[in-house]
There are 2 protein chains.
Amino acid sequence: MKKMSVFGLEGLPLIKPGDDLADLIVSLTKSNDIEIKDGDIIVIAQKVVSKAENRVVQLDEVNPSEKAWRIAAETGKNPKLAELILRESKRFLKTSQQTIIVEDQRGIVNINAGIDKSNVKGIRCYALLPKNPDESARHLRSRIMALTGRRVGIIISDTYSRAFRRGQVNFAIGLAGIAPFFDYRGSEDLFGYVMQVKFTAIADELACAAELVMGQGKEGVPVAIIKGSHGMSFSEEHTFKDLVIGEKDDLFRDVWRSHHDSKHINHKTKDKPKGANH
Amino acid sequence: MKKMSVFGLEGLPLIKPGDDLADLIVSLTKSNDIEIKDGDIIVIAQKVVSKAENRVVQLDEVNPSEKAWRIAAETGKNPKLAELILRESKRFLKTSQQTIIVEDQRGIVNINAGIDKSNVKGIRCYALLPKNPDESARHLRSRIMALTGRRVGIIISDTYSRAFRRGQVNFAIGLAGIAPFFDYRGSEDLFGYVMQVKFTAIADELACAAELVMGQGKEGVPVAIIKGSHGMSFSEEHTFKDLVIGEKDDLFRDVWRSHHDSKHINHKTKDKPKGANH
């Protein structure tokens, strides 16, 4: 029997700019009676990393550019928020009423460049994503390893809306020390068939698993520790960037373009098999 | 401290058409020394459900229609496989070299209508998705509840490629007994701010968590039991269909349409704030 355990650490204090998040997490494992061991994965919600890195912005201090005013008019968003989204983005992929989907400065395709109000203190304060979540993850990892002497993997996570499916799930936006994939390609299945496409994004699955003990409301459980996941392997080389698929490789690219021309398949009048007339 | 445990049940025999999968799973919990309890979630990989429901097709028995030949020419796929994909689909959203993305008969947007070769016995045999995965889940649930006297939730899962992100993750394609979402909308965050969009697709996150003990290769672990997930609630009303987002509500709809017109944001020449000239 395979067993994976996911622990949600309770009691993290409210995080302030400059806080030593690694040290707080290690203390938290002690008060939660969890021992960090080699191979553990620590999943940390983006919001507490952003707070520790002073990535919280008071909207009143933002001066919207002309472009931001234009976007605000187009989307109905606050121009100051539109300005923040602009600053955090490489390019805008879609703007419509209340919706801004961008490729952000980190290469993530997300809504509002990941800028979010929830669990941020101050009525007009918003959290931006960490500037470089991979670097944040690497920094947290080396601090935690120094404090504990254990070899761990770190995932920084955020919740995402998806195409085609309702609701949000937690995905990795930064990582350190682990390989984000478990690659079945080239290996055999139960019957010796060599698999050609299976390539599991376990970093995203680990983030999902963590969310099931975290919660995003006032539960205040932004850190989870995962022990015993299948397919996890250490790697010093991988970064979140590996999870970003280029436009060229994205099978879903342009799916809506043809979508509008797509016809429902008529299952009633069956096509004749080719050659049936011969 | 919150704790979730995920168990991968080992030793399931190869499934044949007509097998009583519920009974086999309950026996398996015993041989794995796991007790099924009220509130447990049992995640079952689609492939074993398809096998038990006799949804495996030998390609040589398929007679391709003219439409299938046309699609085969367009995509480079085997015309018999193209015919199966056609039969399983409501409409084709995208066809290109080696790629067919469809809205399948169940309303799922997926590649090749979910038809897959791996872990299926027989060199030219492919598994189709269960005809009605919600019904399969309901059936499995009532059998397992009858056998154990415990109130459980069932998720039937399959792995999915995603837009924008590399690699596949496991998502729910059928469910019974559980609510697929944990809805934060209208509840307060740490600072009393009322959350407006957070609406977590926990059924998908549970499927992801299960995959971390399952594996898709010759490990042969297609069933996982999850104990202690946060936000899980019983519901007799929900179906997989709730996870399918309508085109109208899908924020990512048409993202590629504007995509091609999207311009990189020039961060070097800063826009002047509006009114700066006055």
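This is a short tour of a predicted two-chain model, stop by stop.

Before you click, residues are numbered from 1 along each chain as its sequence is written, while chains are lettered from A and ligands numbered from 1 in the order in which they are written. Because the model is predicted, local features need pLDDT of at least 70 and side-chain atom pairs count only at pLDDT 80 or more, whereas totals for chains, interfaces and linings use all residues.

**Stop 1: both chains.** Colour chains A and B separately. A rotation of 180 degrees, with 0.0 Å of shift along its axis, puts chain A on chain B at an RMSD of 0.0 Å (a least-squares fit on the C-alpha atoms of residues with pLDDT of at least 70 in both). The two copies are thus related as by a two-fold rotation axis.

**Stop 2: the interface.** Select the 98 residues of chain A that are in contact with 97 residues of chain B (contact: C-beta atoms, placed from the backbone, lie within 7 Å). On the chain A side, helix H6 (residues 202-214) gives the largest share, 9 residues (helices are DSSP runs of H or I, at least four residues, and strands runs of E, at least two, numbered from the N terminus). The copies meet through the same surface, since 99% of the interface residues of chain A are also interface residues in chain B.

**Stop 3: strand E1.** Now pick residues 2-8 in both chains. E1 of chain A and E1 of chain B pair in the antiparallel sense over 7 bridges (pairing takes at least two DSSP bridges between two strands). Find Ser5(A), which stands opposite Ser5(B). E1(A) also pairs antiparallel with strand E12 (residues 223-227) of chain A, over 4 bridges, and there Gly8(A) faces Ala224(A).

**Stop 4: a small group of strands in chain A.** Show E4, E5 and E6: they form an open sheet of 3 strands in that order, with antiparallel pairing. E4 (89-96) and E6 (109-111) are the edge strands, each pairing on one side only. E5 (residues 99-104) is joined to E6(A) by 3 bridges, with Glu103(A) opposite Val109(A). Add helix H3 (residues 66-75), which lies across E4 and E5 of chain A at about 30 degrees to E4(A) (axes are lines fitted to C-alpha atoms, for helices over the stretch in contact, with angles from 0 to 180 degrees between N-to-C directions).

**Stop 5: Glu74(B).** Switch to chain B, where Glu74(B) sits in helix H3 (residues 66-75). Thr95(B) is 21 residues from Glu74(B) in sequence, and their C-alpha atoms are 7.4 Å apart.

Definitions and conventions: Contact = placed C-beta atoms within 7 Å.
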